[in-house]
Each structure stands twice: as structure tokens, then as C-alpha cells.
Amino acid sequence: MAAGDCVILGRNIVALECADRRLLDVCDAERSNALMIPRLHHDGPLAAGAAVALSAEQAHYLRNVLRREAGAAVRLFNARDGEFAAVLSGLDKKCARAAIGVQRRAPQAEPDIRLHFAPVKRAAIELIVQKGTELGAAAFAPVLTDRTNAERVRTDRLQAIALEAAEQCGRLSVPCVEEPRSLADMLANWEAGRTLIYCDEAGDDPTVEWGGLAGRADPMQGAVRATGAGPCSILVGPEGGFSPQERALLRSKPFVLPVTLGPRILRADTAAIVSLALWQAAAGDLARR
Ligand code: SAH
């Protein structure tokens with residue numbers, strides 16, 4: 001970019017003279033305009049002073065959707081290296097390059113909470129992944145159960161939703177959306193030391209709706225607090241709930257902690273969002289600034 005060229009950042013116009021000066025000016029502008037500056041996940045290594053190539057999708061988004069040009073400020077982040085100020089050093093149809101400036105946030109440990117859910121309708125799954133990402137889920141693992149009757153799970157689309165939600169909400173990691181697997185397979189290959197928090201709305205009496213009150217699990221928040229810290233997963237069933245056989249199998253496993261989410265029966269997407277929020281409040285980072 002030639003001396004005197006200008007970059008419009010929101011309402012600020014920053015005069016640019018040379019590459020070093022440019023980075024400093026954009027960083028100054030960034031302080032007052034942080035929300036206007038695109039925040040993009042970058043898988044590769046990030047370090048002050050390095051130059052990186054962004055993906056073709058990111059080049060398209062910056063150029064055609066956000067109407068940015070070379071010289072514009074961006075923020076790049078990943079869980080391994082943290083978040084950095086950066087400037088687009090080149091931008092054309094298929095290719096974007098960025099010069100990385102100062103580190104804005106150091107990497108930090110995030111709560112180890114995974115969400116296993118039985119696929120439901122497409123809109124509800126997308127809501128689970130978007131809101132679950134905002135609530136800090138570390139991964140999404142679709143699980144096929146006796147009563148799962150969902151359309152095909154589009155993991156590529158769900159991964160894109162998780163990426164967009166992570167970029168928007170300020171977290172450093174992007175949760176992985178895994179391929180669906182059966183409940184039996186999931187339980188047979190359970191990771192040692194991880195607690196499976198089973199959202200179980202049912203009671204034990206087959207003659208009463210929802211199984212009555214007998215045998216109901218303990219409320220989630222108290223149960224999670226009593227279990228203490230450590231890697232956890234949450235399991236939410238399909239619209240029709242888990243079958244009696246699945247419920248018995250789940251409750252027979254030593255790593256399973258059955259919990260109730262209160263006296264009302266929630267839709268699966270609501271249950272996923274509520275259970276993540278309760279776990280984050282009891283054992284995760286919702287109590288933090
Ligand atoms: N059994 C019901 C409802 C299933 S709700 C039916 O036959 O229609 C879908 C899932 O959300 C359940 O499998 C459970 O994992 C979770 N869920 C909903 N309400 C809940 C509650 N009050 N406590 C615990 N889990 C709940």
C-alpha cells in the first residue's frame with residue numbers, strides 16, 4: 001500500500017505510511033473499534049511478526065461480505081496460541097494474507113465439558129450447536145439411540161455453525177462436531193476418568209406418565225457440585241426419550257451420573273442448553289468474569 005493510502009475502520013480513518021506504522025495505527029484503532037474488527041479462527045501457528053495465509057472462505061467473506069481491503073485490521077485466534085491483532089497484507093478473490101501484530105489474549109484452559117445428544121430435527125440440532133458453543137461446550141458428539149428418528153446429521157454444516165458461533169462469542173477454541181455413533185458404541189469405549197452426566201427425566205413406575213416420582217434422579221446442580229471437578233460429558237436423549245433398556249444400561253454404568261433438570265419435561269434442545277448452563281454454573285466458568 002502506498003504512503004497516504006487510507007483504511008476505513010468503522011468511522012475512523014487511519015493514515016498509513018509504512019508497514020510498521022500501519023500495524024501500530026491499526027492496533028490503536030482496534031482499541032476503540034474492537035467490535036468492528038472481524039475475528040477469525042486460524043488453525044495454523046500464530047505469532048507476533050509472522051505472516052499467514054487465510055482460507056479461501058475467509059478471503060471470500062472478508063472481500064465480498066465485509067467489503068474489506070488490504071490494510072484492514074482483523075483479529076486471528078486459536079486455542080493453542082491465543083488471539084492476535086493482525087492486518088490484511090493482501091486480499092484477492094481466492095487468497096488473503098495477514099501480517100500478525102501483538103498478542104491480545106494468551107491461551108487459557110477451558111472447561112472440559114462435552115455434549116452428547118441424540119439427533120433431533122435440523123433446526124433444533126443447529127440451535128444446540130450454536131448455543132452450546134456460546135456456552136462453552138468443548139465438543140458435540142451425536143449419539144444414535146433406540147428412538148432417534150432424525151434426518152441425516154450434516155456434521156460439516158454443524159461444524160461451520162460452531163466456527164461462526166466461536167468467532168462471534170469470543171472463545172479461543174472451536175468445538176469439534178463428531179460423526180454420529182451408537183449409544184452402545186459410545187458406552188463401550190468410554191474414556192477412563194470422564195463422568196457422563198445423564199439427563200434423565202423419567203421415574204421408575206411404568207404405569208405412570210414419565211415414570212412417576214419414584215426413582216427420579218437428583219437435581220443437576222447439586223449432583224455436579226458433589227461430584228467435583230474433572231472431565232465431564234452431558235447426555236441428552238431424543239424427542240421420545242431413552243427406551244427403558246437404554247435407561248437401565250445407562251444407570252448400570254459406574255461412570256454415569258443421572259440427573260434431573262427439574263419437574264418439567266423439556267424439549268431436547270432446551271435440555272441441552274439448560275444442562276450446559278447448569279454445569280457451567282456449578283463446575284465451569286459461568287461464575288467467572
Ligand atoms: N420422555 C419424553 C421426553 C424426552 S425429552 C418423551 O417421551 O417424550 C428429551 C430429552 O431431554 C430427554 O431424553 C432427557 O435427556 C432430556 N430432558 C428433558 N426434560 C428433562 C428433565 N426434566 N430432566 C432431565 N432430563 C430432561
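Select Arg67, which is exposed, with 9 other C-beta atoms within 10 Å. Here a residue counts as exposed if 12 or fewer other C-beta atoms lie within 10 Å of its own, as buried if 20 or more do, and as partly exposed in between, with C-beta atoms placed from the backbone. Arg67 sits in the loop between helix 2 (56–65) and strand 5 (73–78). Helices (H or I, at least four residues) and strands (E, at least two) are DSSP runs numbered from the N terminus. The phi of Arg67 is positive, about 60 degrees, although Arg67 is not a glycine. Most residues other than glycine have a negative phi.

The model is predicted: local features need pLDDT of at least 70, side-chain atom pairs count only at pLDDT 80 or more, and totals for chains, interfaces and linings use all residues. Residue numbers start from 1 along each chain as its sequence is written.

**A second positive phi**

Go next to Trp210, in the loop between strand 12 (195–199) and strand 13 (218–219). Trp210 is also a residue other than glycine with a positive phi, near 55 degrees. Trp210 is partly exposed, with 13 other C-beta atoms within 10 Å.

**The whole chain**

Zoom out to the full chain, which has eight helices and 15 strands. Of its 289 residues, 35% are buried. Contacts are pairs of residues whose C-beta atoms, placed from the backbone, lie within 7 Å. Among the contacts in the chain with a separation of 6 or more, 71% join residues 24 or more positions apart.

**The ligand**

Select the ligand and display the 17 residues that surround it. A residue is placed in this shell if its C-beta atom, placed from the backbone, lies within 6 Å of the molecule. The closest are Cys199, Glu201, Gly237, Gly241 and Ala271. Colour the shell by class to see eight nonpolar, five polar and four charged residues. In this scheme Ala, Val, Leu, Ile, Met, Phe, Trp, Tyr, Cys and Pro are nonpolar, Asp, Glu, Lys and Arg are charged, and the others, Gly among them, are polar.

From Glu201, move to Arg264: their C-alpha atoms are separated by 8.3 Å, with the two positions 63 residues apart along the chain counted as their sequence distance. Arg264 lies in the loop between strand 15 (256–260) and helix 8. Arg264 is exposed, with 7 other C-beta atoms within 10 Å.

**Helix 3 against helix 8**

Select helix 3 (residues 122–134) and helix 8 (residues 268–283), whose axes come within 9 Å and cross at roughly 10 degrees. The axes are lines fitted to C-alpha atoms over the stretch in contact, and angles run from 0 to 180 degrees between N-to-C directions. The two helices are therefore roughly parallel to each other, the term for angles under 35 degrees, while angles over 145 are roughly antiparallel, 65 to 115 roughly perpendicular and the rest oblique. On the helix 3 side, show Ala124, Leu127, Ile128, Lys131 and Gly132; they meet Ala268, Asp269, Ala272, Ile273 and Leu276 in helix 8. These contact residues divide into seven nonpolar, one polar and two charged.

Stay on helix 3 for Glu126, which counts as partly exposed, with 15 C-beta neighbours inside 10 Å. Leaving aside neighbours within four places in sequence, Glu126 is in contact with Leu158 and Ile161. The C-alpha atoms of Glu126 and Ala162 are separated by 9.0 Å, and the two are 36 residues apart along the chain.

**The nonpolar cores**

A nonpolar core is a set of buried Ala, Val, Leu, Ile, Met, Phe, Trp, Tyr and Cys residues joined through C-beta atoms within 7 Å. Select the largest one, with 38 residues, and start from Ile197, Ile234, Leu276 and Trp279, which have the most contacts inside it. Helix 8 gives the most to this core, with seven residues. Which residues does Ile234 touch, not counting those up to four places away in sequence? They are Ile113, Leu115, His116, Ile197, Cys199, Ser275, Leu276 and Trp279. A second, separate core has 19 residues, including Ala72, Ala73, Ala85 and Ala99.

**Two last stops**

Select Glu110, in the loop between strand 7 (96–105) and strand 8 (113–117). Glu110 is partly exposed, with 16 other C-beta atoms within 10 Å. Not counting residues up to four places away in sequence, Glu110 touches Gly136, Ala138 and Ser173.

Finish at Arg225 in helix 6 (residues 220–227), which counts as exposed, with 11 C-beta neighbours inside 10 Å. The C-alpha atoms of Arg225 and Ala283 are separated by 6.5 Å, and the two are 58 residues apart along the chain.

Notes. Two residues are in contact if their C-beta atoms, placed from the backbone, lie within 7 Å.
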